[in-house]
Amino acid sequence: GQIVESGGGLVQPGGSLTLSCVASGSVFSRYTMSWYRQAVGKQRELVASITYQYRSNYGDFVKGRFTISRVNSNNTLLLRMNSLEREDTTVYYCKASRSLRYYWGQGTQGTVSS
């Protein structure tokens with residue numbers, strides 16, 4: 001499977017970013033899709049996940065600021081991030097998982113700075 005993220009960049013505190021993840025056709029439709037993030041020196045942590053039945057789950061630190069969504073017709077996963085804080089600066093990774101099978105993207109950098 002192939003997963004490609006995009007949409008990272010530089011934004012000011014309080015601003016917004018939308019991350020995108022596109023997966024190959026065989027790796028999406030019945031997979032749980034997730035966003036993780038990992039800052040330097042820290043463990044990778046779950047940001048949000050969404051099942052193929054559209055059930056979503058968020059990390060505690062999100063506090064209603066982010067929204068995960070998926071469009072199965074074009075194999076796209078989105079993460080809309082609002083009210084960004086400097087602590088949200090890190091690399092964001094897309095993951096596709098189903099049973100014991102999983103795939104990671106290469107990551108996209110999001111930087112929150114004034």
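A polar contact is a pair of N or O atoms within 3.5 Å, where, within protein, one atom must be able to donate a hydrogen and the other to accept it. In this predicted model, the side chains of Asn72 and Tyr54 are joined by such a contact, at 3.0 Å, and the side chain of Asn72 also has a polar contact of 2.8 Å with that of Arg70.

| Side-chain pair | Polar contact |
|---|---|
| Asn72 and Tyr54 | 3.0 Å |
| Asn72 and Arg70 | 2.8 Å |

**Surroundings of Asn72**

Asn72 belongs to the loop that lies between strand 7, residues 66-71, and strand 8, residues 76-81. Is this residue buried, partly exposed or exposed? Its relative accessibility is 24%, and because buried means under 20% and exposed over 50%, Asn72 counts as partly exposed. Once its neighbours within four places in sequence are left aside, Asn72 is in contact with Phe28, Ser29, Tyr52 and Tyr54. Thr32 stands 40 residues from Asn72 in sequence, while the C-alpha atoms of the two are 11 Å apart in space.

**Strands 4, 5 and 6**

Tyr54, the polar partner of Asn72, sits in the turn of the hairpin formed by strand 5 and strand 6, where 5 residues lie between the strands and Tyr54 has a positive phi of about 70°. Strand 6 covers residues 56-58 and pairs with strand 5 in the antiparallel sense over 3 bridges, with Ser49 standing opposite Asn57 of strand 6. On the other hand, strand 5, residues 45-50, is also joined to strand 4, residues 32-38, by 5 bridges, and these two strands run antiparallel; Met33 has Ile50 of strand 5 as its bridge partner. Strand 4 and strand 5 likewise form a hairpin, with 6 residues between them, and Gly41 in that turn has a positive phi of about 80°.

**The sheet that includes strands 7 and 8**

The two strands that flank the loop of Asn72 belong to an open sheet of 4 strands, which has the order 1-3-8-7 and antiparallel pairing. Strand 1, residues 3-6, and strand 7 stand at the edges with a single partner strand each, so one side of each is left without a neighbour in the sheet. From one strand to the next, the twist averages 15°. Within this sheet, strand 3, residues 17-23, runs antiparallel to strand 8 and is joined to it by 6 bridges, and Thr18 stands opposite Arg80 of strand 8.

Conventions. Residues are numbered from 1 along each chain as its sequence is written. Side-chain values use heavy atoms; hydrogens and water are left out. Buried means under 20% relative accessible area, exposed over 50%, partly exposed in between (1.4 Å probe, protein chains only). Contact means heavy atoms within 4.5 Å. Two strands pair if DSSP finds at least two bridges between them. Axes are lines fitted to C-alpha atoms, for helices over the stretch in contact, and angles run from 0 to 180 degrees between N-to-C directions.
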